[in-house]
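I set out to look up selected side-chain and backbone features in a single structure. My entries are kept in the order in which I consulted them.

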Amino acid sequence: MSQRQVLQVFEQYQRARAQFVQAVAEFAARPQNIETLQSAGVISLLRPLLLDSVPTVQHTAALALGRLANYNDDLAEAVVKEDILPQLMYSLSEQNRFYKKAAAFVLRAVGKHSPQLAQAIVQCGALEMLVICLEDFDPGVKEAASWALGYIARHNSELSQAVVDSGAVPLLVLCIQEPEIALKRIAASTLSDISKHSPELAQTVVDAGAIAHLAQMILNPDAKLKRQVLSALSQIAKHSVDLAELVVEAEIFPVVLTCLKDSDEYAKKNGATLIREIAKHSPELSQLIVNSGGVAAVIDCIGSCRGTVRLPSIMVLGYVAAHSENLSMAVIISKGIPPLCACLIEEDEDHIKAAAAWALGQIGRHTPEHARAVAVTNVLPTLLAMYMDTHSSEDLQIKTKKALKSILQKCMYLPALEPLLHDAPLNIMKHIIGQFSKVLPHDSQARRLFVTTGGLKKVQEIKAEPGSVLQEYINIINSCYPEEIVRYYSPGYSEILLERVENYQPVL
């Protein structure tokens, strides 16, 4: 065999390898081909090509493995079992940018499926390689590495801590300062995934100086970046008063309120979520939100959207109102009750209705004035109907019951209570009758109305346990009227009167 023939054989072999990995990478991009590739044992065929002498073959083989692993957890596990991860990491720092991006893609595709697969990535020493990639000159390599780290960190606090221990956080903070929007997005998302698990992990992100840089990007015109920035700040703020105050000190108010009018639904929702995570911690932080016009902005947001986008805004009103009478009154004055009532009617999802019911309960629970503000909207029958509806979720029933009790225990506005007398079960009736027993002894006009509207008659029909609190309330109400009036409205009294008529002998 001549030298020329030998070279031709090598060229054919080289071409065949390149064609094979290219074809597999293309096939793996289409879901309908995955099972065929899996049954053909393609993963074990790709493994040696990761160490091929031709760089194009190497990174295309890695790309194909990433696409396979991305498809489902079975293929991702197969990648781990074939010992591909150590081979993928071999001399990674010396490889070109295409291979680095493809290798990071494989790690992301494997790690996204479960904590166990993400742990396998950690154990093979991949975090150190990913951190080296964060320092790469090419922004695409940084982005791919950041994305892989985020998919590992998002599973649990242990994996997130491993990412922190690898030294990734300061480099991720540098990445959000890079000019490339795509890199900023992924780095912000990864910082969010790290921060969400615990106060300690969030503090690590804060200590790296992330808050100031994130806060500066709240008004960035890129909607996807804005989503991730707001999410990261939310995940930091949610853990404690101290962390929430650090976020507030970055002067996010009133800037963040503009996000509630954003055309991007996710940016709008994440903006409201950030405000919610701040509002829940303390009266002082809620007061700051009120002072910056936050309550009015949140109310407008509820009116401008539907579905789950509304949820965090609904909860903001509940958290603000829960802290104190004055803050609750601020929600009332800003006309926050009607949109919450509208949510109970307009929304299909029970968890959104439950949040609206909870918020109304937080507003109305403080004083008779607060309870009246809720009651006059005629929302109490709606809450009662939802509580009694067998199709309502357990959470909705619990939230509506608690809201009713909170409002009823303070409500002295009897016209709003009377419609409930005819439908309420005994556990709710107790609170309704209790309020009548407080008002009727001191209000002659209310006593008269209670008779003419059928309230007294309804009270006589209630079958309360002797000696119960409900029976005591009924006795107090009955004591407000002459005995013959009470007797007249008692069940069966008309039959007694008719019997007396029949037995009456007129004097002729």
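The entries below concern a predicted model.

**Entry 1. Aromatic pairs**

I looked first for paired aromatic rings, and the structure holds two such pairs. In one of them, the ring centres of tyrosine 319 and tryptophan 358 are 5.1 Å apart; the planes meet at 75°, so I record the pair as edge-to-face. The cut-off that matters here is 60 degrees, since planes over that angle count as edge-to-face. Tyrosine 319 belongs to helix 21 (residues 311-323) and tryptophan 358 to helix 24 (residues 350-364), so this pair ties together parts that are 39 residues apart in sequence. I noted tyrosine 319 as partly exposed because its relative accessibility is 23%.

The other pair is formed by phenylalanine 436 and phenylalanine 450, with ring centres 4.7 Å apart and planes at 35°, so I record it as tilted. Phenylalanine 436 lies in helix 29 (residues 426-439) and phenylalanine 450 in helix 30 (residues 444-452), so parts 14 residues apart in sequence are tied together by this pair. Both phenylalanine 436 and phenylalanine 450 are buried.

**Entry 2. Charges over rings**

I then searched for charged groups above aromatic faces. Arginine 108 lies over the face of tryptophan 147, 3.7 Å from the ring centre. Arginine 154 has its charged end over the ring of tyrosine 151, at 4.2 Å from the centre of that ring.

**Entry 3. Cysteine 343 and glutamate 347**

I located cysteine 343 in helix 23 (residues 337-346). Is cysteine 343 buried or exposed? I entered it as buried, because its relative accessibility is 0%. Apart from neighbours within four places in sequence, cysteine 343 is in contact with Ile302, Arg310, Ile314, Lys353 and Ala356. I also checked cysteine 343 against arginine 487: the two are 144 residues apart in sequence and 44 Å apart in space, C-alpha to C-alpha.

Glutamate 347 is in the loop between helix 23 and helix 24. Its relative accessible area is 6%, so I list glutamate 347 as buried. Which residues does glutamate 347 touch, not counting those up to four places away in sequence? I found Arg306, Gly307, Arg310, Ile352 and Lys353. With arginine 310, glutamate 347 shares a side-chain polar contact of 2.8 Å.

**Entry 4. Backbone geometry**

I examined the peptide bond from phenylalanine 253 to proline 254 and recorded it as cis, with omega near 0°. Proline 254 is in the loop between helix 17 (241-249) and helix 18 (265-279).

Aspartate 83, a residue other than glycine, has a positive phi, near 60°. I placed aspartate 83 in the loop between helix 5 (73-81) and helix 6 (84-89). Its relative accessible area is 46%, so I noted aspartate 83 as partly exposed. Asparagine 378 is not a glycine either, and has a positive phi of about 60°. I found asparagine 378 in the loop between helix 25 (368-375) and helix 26 (380-388).

**Entry 5. The nonpolar core**

I turned last to the largest nonpolar core, which has 176 residues. Within this core, Leu46, Leu214, Ile278 and Leu380 touch the most other members. Helix 24 contributes the largest share, nine residues. I followed up isoleucine 278: leaving out residues up to four places away in sequence, it touches Ala237, Ala244, Val247, Val248, Ile252, Phe253, Leu285 and Ile289.

Terms used. Residues numbered from 1 in each chain as written. Predicted model: local features only at pLDDT ≥ 70, side-chain atom pairs only at ≥ 80, totals over all residues. Heavy atoms only, no water. Phe/Tyr/Trp six-rings, centres within 6.5 Å; stacked < 30°, edge-to-face > 60°. Helix = DSSP H or I, 4+ residues; strand = E, 2+ residues; numbered from the N terminus. Buried < 20%, exposed > 50% of the residue type's maximum accessible area, 1.4 Å probe, protein only. Lys NZ or Arg CZ within 6 Å of the ring centre and 35° of its normal. Contact = heavy atoms within 4.5 Å. Core = buried A, V, L, I, M, F, W, Y, C linked by side-chain atoms within 4.5 Å. Polar contact = N/O pair within 3.5 Å; in protein donor to acceptor, adjacent residues only side chain to side chain.
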